[in-house]
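Trainee: I should like to learn how a fold is read from its elements and its buried residues. May we work through one example together?

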Amino acid sequence: TPRFQLPNLSETNVVRANAFDDDHPFVAKAKRDGFDWIVGNPPWKDLKKDTTDPIHKPVLEWMLMHKKDKPTGGNQTAEAFAWRSQDFSRNDALAGLLIPAMTLFKKESRGFRQRFFSSNYPAYVANFANLAEVLFAGRSRDPAAAIVFRPAQEPQLPNRIPVFSPLVANQEP
């Protein structure tokens, strides 16, 4: 339809807020009411302990406050966002996040993997590391992974977690 226009979604369906700013009205409402679905591509940044950036500081403070119960490897923001999704989930919510593929392998993130995958219900993992050269049309070369899970306080862990690792058939060497 040539005349179709999307309605203004700003501040109704699309809200600009820092998910780690508990004082923001939307964040407080989201924590109280929760969501059925959470889908995202959180930032893939390792934060330095001396950051003064007003956007990153609340994330770092949250990571430091939760380093024992919700660990992250190397202050990785994507891992913090994965944890934070629990705070915004209703019962039986489903979450899907695009994270750095190294989260699945790097030694630093072992604590994250052990705690996260034993305290959430992992549904699927897709390791897109083999598609690093083609996945984002050259805008990024960092290997990616997708995790789909049910954030839960008392998860029932599956016997198996389906893991997909696609290959590019004609990928250049």
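Mentor: Read along the sequence, this chain runs α-β-α-α-β-α-β-β-β. Helices (H or I, at least four residues) and strands (E, at least two) are DSSP runs, numbered from the N terminus. The chain holds 4 helices and 5 strands. This is a predicted model, in which local features need pLDDT of at least 70, side-chain atom pairs count only at pLDDT 80 or more, and totals for chains, interfaces and linings use all residues. Residues are numbered from 1 along each chain as its sequence is written, and side-chain values use heavy atoms, with hydrogens and water left out.

Trainee: What percentage of the 173 residues in the chain is buried?

Mentor: Buried means under 20% relative accessible area, with a 1.4 Å probe and protein chains only. Here buried residues make up 38% of the 173.

Trainee: How should one read burial along a helix?

Mentor: An α-helix has 3.6 residues a turn, so residues three or four places apart point the same way. In helix H4 (residues 110–119), the buried residues are Phe112, Arg113, Phe116, Phe117 and Ser119. These residues lie on the same side of H4 because they cover an arc of only 165 degrees around the axis, the arc being that of the directions from the helix axis to the C-beta atoms.

Trainee: Which elements cover the buried residues of H4?

Mentor: Contact means heavy atoms within 4.5 Å. The cover includes helix H3 (77–87), strand E3 (120–127) and strand E4 (144–151).

Conventions. Buried < 20%, exposed > 50% of the residue type's maximum accessible area, 1.4 Å probe, protein only.
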